[in-house]
Amino acid sequence: MKVDVLLGLQWGDEGKGKVVDVLTPRYDVVARFQGGPNAGHTLEFEGQKYVLRSIPSGIFQGNKVNIIGNGVVLDPALFKAEAEALEASGHPLKERLHISKKAHLILPTHRILDAAYEAAKGDAKVGTTGKGIGPTYTDKVSRNGVRVGDILHNFEEVYGKAKACHEQILKSLNYEYDITELEKQWLEGIEYLKQFHLVDSEHEINNLLKEGKSVLCEGAQGTMLDVDFGSYPFVTSSNTICAGACTGLGIGPNKIGNVYGIMKAYCTRVGAGPFPTELFDETGKKIRDLGHEYGAVTGRERRCGWIDLVALKYSIMVNGVTQLIMMKSDVLDDFETIKACVAYKVNGEEIDYFPYNISEGLEPVYAELPGWKTDMTKMTSEDEFPEEFNAYITFLEEQLETPIKIVSVGPDRDQTIERYTEE
Ligand code: GDP
Ligand code: IMO
Ligand code: MG
């Protein structure tokens, strides 16, 4: 059996959680492979809304195995709060959720370091989610990290060492902090974590594949936030791209089947950093209002703009995307004209590729298409699509040279339209 990977192609919040939930019935296993509680994946069904941060979005659909892979960074305190809320709302997870012993733990001092580094950067700050993501991955790579598996063995020693090292750094930064409450909750989280299946997930996943089981890998963040290929340094600290599924789960690249690339019908970004098609006018505000573009976790206002096909082509290339899924089409239901960036102008010259530097002197070149001015939120089949909407998606497919297989017309699980396939 093959492994399919679902990931964001823009700057995150494309709607990954919703689509993973929709696709889960077709798989036996759902696995997160990178990121941590910086993610906020929203799912809506039966009149309820859930926001998942570390737990895979396959958790609601029957008795599937859900795996938190080695590439994820886990905060036990936030994990406990998330898991307990799910259990309280009638969704048991202890049996279904397996956590890699090789996943790294976000320590209380990692969160404090995140804040301290941001403060030290001043105006150049990244605008992180403040969850300690960067410092945790830094420790992983510099071989100073604490892993989930450590809680079963000489935990106090490993934790004590890492904490002392962080305290030194914080002292050198003259950063004032109080760790007492954070650490108390965190240690409670460590005890709570011990009740779960802590596994060697690379063995488990490969054994399941051998048994003929199918796996859906759920990405977090988006390709433009990838630490290698995103808008560095305004990125997250993991590989959000398809290759991250291999390293974050222990799966060989030859096992990867479909790569679902998720994009909004427009574009958003939260936090600092370049965003070529950002709109600062009434149109941007209209998209934000209609799309409820506020962070799922932080409530931060998301920056909004038109779809950027230059950046999307790049994302499709580095991920090997086989099919596209277009989200939030309904948000553009009431626009006279829709714009799509097809090239950038740099020093008066037009380029159609994603350049090294997108932070300065880059002007988007737009194609304009007529809007469809139709409420699409109750549509259930592509036969109902307005002519102008069909023209929009055909245009995108031609530009991106990749088929759009699913169109989402609202936040609910049911507001999802699968298009006819020509395979
Ligand atoms: P993720 O991080 O990629 O899972 O996305 P988020 O959950 O952070 O943000 C997507 C937001 O859009 C959530 O509030 C979803 O409920 C909502 N959403 C998802 N698909 C659609 C859609 O097709 N239309 C509308 N209007 N909202 C959607
Ligand atoms: P999901 O999975 C949108 C952004 C932050 C910041 C940068 C670095 O819900 O799509 P970090 O805390 O990771 O060090 O922050 O990355 N960011 C996200 N933006 N969606 C996310 O996740 C994000 N996770 C991180 O805003 O700009
Ligand atoms: Mg999100």
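**Two ligand sites and two backbone details**

The second largest pocket has a volume of about 550 Å³. In this predicted model, 27 residues line that pocket, and those closest to its centre are Thr42, Glu44, Gly291, Lys328 and Pro411. Helix 1, strand 3 and strand 4 (48-52) are the elements that each give two or more residues to the lining. Sorted by class, the lining of the second largest pocket holds seven nonpolar, 10 polar and 10 charged residues.

A newcomer may wonder what occupies this space. Which ligand takes up the second largest pocket? The space belongs to ligand 1. Around ligand 1 there are 20 residues, and Gly15, Lys16, Thr42, Asp330 and Ser408 come nearest. Helix 1 (16-23) and strand 3 (41-45) each supply at least two residues of the shell around ligand 1. Thr42 therefore deserves a second look on both counts: it is listed among the residues nearest ligand 1, and it is also listed among those closest to the centre of the pocket.By class, the shell around ligand 1 has five nonpolar, seven polar and eight charged residues.

Several polar atoms of the protein approach the oxygen atoms of ligand 1. From the backbone, an N or O atom of Lys16 lies 2.7 Å from an oxygen atom of ligand 1. From the side chains, a polar atom of Lys328 is 2.9 Å from a ligand 1 oxygen, and an N or O atom of Arg302 is 3.3 Å from one. How much of ligand 1 does the protein bury? Taken alone, ligand 1 exposes 590 Å², and 93% of that is buried by the protein.

The second ligand has its own set of neighbours. Ligand 2 is surrounded by 21 residues, of which Asp13, Lys16, His41, Thr129 and Thr236 come nearest. Lys16 also appears among the residues that come nearest to ligand 1. In the shell around ligand 2, eight residues are nonpolar, 10 are polar and three are charged.

Here too, backbone and side-chain atoms both take part in the polar contacts. A polar backbone atom of Asp13 is 2.7 Å from an oxygen atom of ligand 2, and a polar backbone atom of Gly40 is 2.9 Å from an oxygen of this ligand. His41 contributes a polar side-chain atom, which lies 2.7 Å from an oxygen atom of ligand 2. On its own, ligand 2 has 550 Å² of accessible area, and the protein covers 98% of it.

Two details of the backbone complete the picture. The peptide bond from Tyr232 to Pro233 is cis, with omega near 5 degrees. Pro233 belongs to the loop between strand 10 (215-218) and helix 8 (243-249). The other detail concerns Arg143, a residue other than glycine with a positive phi, near 65 degrees. Arg143 is found in the loop between helix 4 (133-141) and helix 5 (155-172).

Terms used
Residues numbered from 1 in each chain as written. Chains lettered and ligands numbered in written order. Predicted model: local features only at pLDDT ≥ 70, side-chain atom pairs only at ≥ 80, totals over all residues. Heavy atoms only, no water. Near = heavy atom within 4 Å. Polar contact = N/O pair within 3.5 Å; in protein donor to acceptor, adjacent residues only side chain to side chain. Areas by Shrake-Rupley, 256 points an atom, 1.4 Å probe, with all protein chains shown as cover. 1 Å grid on protein atoms, 1.4 Å probe; cavity = no way out; pocket = protein on both sides within 12 Å on 5 of 7 lines; lining within 4 Å. Sits in = over half its atoms within 2 Å of the grid points. Helix = DSSP H or I, 4+ residues; strand = E, 2+ residues; numbered from the N terminus. Nonpolar A, V, L, I, M, F, W, Y, C, P; charged D, E, K, R; others polar. Points joined across faces, edges and corners; volume = space filled by probe spheres on them.
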